[in-house]
Amino acid sequence: MTNAATTTADTPLISARGISKQFAAIEVLRDVDLDLGRGEIHALLGENGAGKSTFAKILAGVHRPSRGSLALNGTPVEVTSPIVAQKLGITLIHQEPISFPDLSVAENLVLGRTGGSPLGRVPWARITRDANQLMNLLGIRIDVTRPMRGLSIADQQMVEIARALASDSRLIIMDEPTAPLTPNEVETLFGIARRLRDEGRTIVFITHRLEEVRALCDRVTIFRDGSKIATEEIGKLSDADIIRLMIGRPLKEYMHKTRAAIGEVALKVEGLTLPGVFSDISFEVRKGEIVGLGGLVGAGRTDVARALFGVAPATSGTVTINGKAEVITEPSQAIALGLAFVPEDRAVAGIFRTLSVEENITAAVPGQIAPGGMIKRALERTLAQDSVRKLRIRLASLRQPIGELSGGNQQKAILARWLLTDPSVLILDEPTRGIDIGVKAEFYDMIGELAAAGRAILLISSELPELLALCDRVLVMSEGRLTANLSRAEATQESVMRAAVPQTRETIAA
Amino acid sequence: MSAIETQPAVQDAAPARPRWQVLLVRPETMTFVLLVLGIFAGGLLSPFFLDINYILKSFTLYAEFAIVALVLTMVIIGGEIDLSPAANMALSACIFAWLQQAGVPIPVAVLIGLASGLVMGTINGLMVIGLQLPSIIVTIGTLTLYRGLAQIIAGDKSIRVPEWFIGVDRIMVAGIPLPVVIFIALAIGLGVVLGGTIFGRQIYQIGTNEVAARHAGIRSARIKFGLFLLVGIVASIAGIMTASRLGSVRYDLGLGGELQMVLMAMLGGTYIFGGRGTILGTFLAAWLLVIVSTGMIVANVLPAVQLVVLGSLLIVSIIATNFIYSRTQR
């Protein structure tokens with residue numbers, strides 16, 4: 001017993017040592033050491049893709065680490081699945097709670113822990129009583145017999161937290177819980193989080209909002225590029241320190257931009273709005289200009305691109321292309337007007353996986369390969385071959401399924417598809433995501449060349465160095481609004497990040 | 001540009017497949033092999049079997065379904081399905097037969113019958129494309145609806161068609177029954193459309209990845225709607241052909257035909273989730289089905305056993321195509 005007592009006093013609840021994670025060949029987490037103490041609220045901060053969510057998912061058994069070890073109360077543990085995590089007292093609460101909408105709140109609370117034999121009767125009375133008790137404990141007023149469907153996101157989160165308590169979790173991980181909440185709901189959530197901390201439980205809080213970290217958290221750990229950069233008490237860091245730690249990496253040298261002559265306005269957007277997604281977006285892109293669109297994931301950048309291209313049209317606002325006002329409701333219309341869009345998710349919106357490379361390349365230019373309605377194979381072959389040569393696409397045969405190519409070469413094929421349409425405005429959404437460094441450099445060169453050829457380019461990217469090195473101007477979006485329009489001189493990692501991190505409304509106005 | 005020379009090896013693509021392997025994963029290969037085996041087995045079972053005229057005559061019993069199956073193949077490649085064409089055949093034929101019995105001139109009655117087929121296709125299309133409902137549910141619904149309407153129009157009785165209108169299957173073109181000629185001609189026509197035109201290519205692209213197709217500017221809604229219309233009109237043509245072959249129309253005309261049609265498409269190597277399949281495959285599968293069915297009749301196989309054989313054939317062909325496709329998916 002004495003032994004156990006000393007353990008409780010000194011050892012952290014969780015200690016992670018050398019945690020690394022690889023997806024395919026890409027290392028997303030590298031040698032992370034982190035101790036989480038009892039009764040603390042610990043914030044994980046970092047840019048998109050810095051590794052904080054991956055780390056949280058490893059703690060919760062969603063992913064297994066490629067290397068490294070975890071210890072719980074000083075005892076080594078293997079968290080092999082979310083169920084194991086649950087048994088160990090670790091719960092991950094998702095931003096959009098996962099629940100069974102048609103079951104009652106009480107049933108959702110006891111999910112997987114009804115007890116009794118498979119054929120035994122379900123102890124409804126006990127379930128309802130326990131559920132009510134839990135809710136009272138948390139000070140939440142929800143009728144536990146009502147179905148989950150129709151509960152607000154905030155209430156659904158409360159149910160998830162209650163579920164974590166029902167299984168007596170010692171570590172509760174909240175992955176961006178406040179994003180969908182109103183200020184009042186955030187306050188309620190914080191109140192509960194503090195109460196749980198005071199009971200001696202540990203809370204890991206992932207967020208992008210610095211003021212929330214200040215309001216709630218005791219310590220903060222900052223991730224960057226898959227590594228842990230710092231763990232510090234929140235009081236010891238200024239906002240500027242935190243932002244610097246989040247982004248402070250050297251610019252990669254290979255990125256250079258050939259200056260292009262900037263011409264007249266090719267794309268002009270005024271007051272573009274899609275309620276609940278983005279509002280009042282206005283900007284312009286000139287011929288030969290590369291305009292970056294930065295911001296955090298979920299800021300609405302992709303939605304703006306999809307609206308411009310007619311995939312999910314905006315409800316108000318005007319779009320002017322080469323001096324003519326246009327209403328675009330269909331991608332085919334956008335293409336006819338000289339727009340091209342390389343979507344963010346190649347597998348979903350880009351490639352036809354099982355179809356041949358040449359068919360993929362020529363998909364947007366039916367008129368060029370079938371002048372009289374019938375496809376002219378020779379014509380198609382020539383077009384595809386030219387593209388393959390120009391963009392240096394590595395393949396075995398034009399007839400092989402595009403799914404057999406590497407990600408970078410698939411992406412080149414998609415870019416080739418759009419170059420065949422000879423677009424005047426090119427929208428690139430995360431064009432280098434999931435692509436090896438070498439091919440990335442090729443892409444940067446190509447983007448520069450396209451601008452030099454007089455095309456207007458809107459580049460959406462979550463990689464700050466990419467934006468800063470390539471773009472003539474950087475727009476930043478945050479929570480559906482345009483928060484900055486920075487010239488090349490003004491755009492720095494700090495200025496972009498400051499505009500990207502959501503602030504309270506007052507701060508923006510001030 | 002030095003970055004390009006220092007490419008990691010991962011970027012190198014897999015080598016191209018040898019030609020024989022490409023041929024083996026063609027969707028129709030399995031069908032063709034089965035067809036050859038079927039002819040061989042049939043020939044062993046009965047000497048009458050290898051009489052080409054007998055096979056052609058037998059084919060006329062399946063020709064209407066086979067004709068619709070060709071169009072249905074395109075629908076399935078496009079990622080949708082239509083289970084209502086057999087009911088459409090019955091309703092179109094009933095409308096036609098009822099009108100001509102009521103004294104409407106035959107050509108007018110035929111035209112109205114065809115128009116009704118177009119309307120039925122439109123209803124399917126509106127629900128699947130307009131309301132974004134799953135086509136399998138929609139067309140199970142309309143299958144029941146169209147069959148029910150046919151019964152309301154025709155009641156339980158047969159409606160006879162005039163003597164001169166009977167016998168489309170007895171008209172010979174160069175020694176081949178007219179329905180078979182129509183089937184072959186349509187197969188060639190649709191084969192060219194599906195394999196050689198932008199319209200056909202876009203059907204494959206929609207069936208492979210509809211989101212990507214839309215992003216590439218392909219008007220997927222328009223194309224899919226067109227396909228439902230095409231099934232509608234072709235089914236009504238098939239319905240009126242059936243009326244002519246049988247000489248009378250009842251509400252249960254072509255009952256269960258949708259399964260035969262899907263069977264032909266599947267046996268021909270069409271992938272049920274879309275994106276793959278050919279007209280040639282369905283063409284061969286139609287013959288395979290006729291050969292196996294009549295072969296078993298000639299060989300006096302019990303009807304129950306015949307069903308077992310057809311069912312097994314379908315399952316084997318689906319396993320085979322899925323296996324082949326999953327190998328090539330990687």
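**Exercises on the A–B interface**

In this predicted model, 50 residues of chain A are in contact (heavy atoms within 4.5 Å) with 37 residues of chain B. Residues are numbered from 1 along each chain as written, chains are lettered from A in written order, and side-chain values use heavy atoms, leaving out hydrogens and water. Local features need pLDDT of at least 70 and side-chain atom pairs 80 or more, while totals for chains and interfaces use all residues.

**Exercise 1.** Work out how much area is buried between the two chains, and what share carbon and sulfur atoms give.

*Solution.* Start with the total: about 3,400 Å² is buried between chain A and chain B. That is accessible area (1.4 Å probe) lost on putting the two parts together, summed over both. Next, the share: carbon and sulfur give 55%.

**Exercise 2.** Find the salt bridges across the interface and pick out one pair.

*Solution.* First, apply the rule: a side-chain nitrogen of Lys or Arg within 4 Å of a carboxyl oxygen of Asp or Glu. Four turn up between chains A and B. Now take one: Glu380(A) pairs with Arg201(B), at 2.5 Å from N to O.

**Exercise 3.** Say which parts of chain B deserve trust, going by pLDDT (the predictor's confidence in each residue, from 0 to 100).

*Solution.* Begin with the whole chain: chain B averages 88, and 90% of its residues score at least 70. Then go to the extremes: helix H5 (residues 63-77) of chain B has the highest mean, 97, and helix H1 (residues 2-5) the lowest, 36; helices here are DSSP runs (H or I, at least four residues), numbered from the N terminus. Finally, residues 1-15 of chain B sit below 50, with 29 contacts in the model beyond near neighbours in sequence.

Note on methods:
Helices (H or I, at least four residues) and strands (E, at least two) are DSSP runs, numbered from the N terminus.
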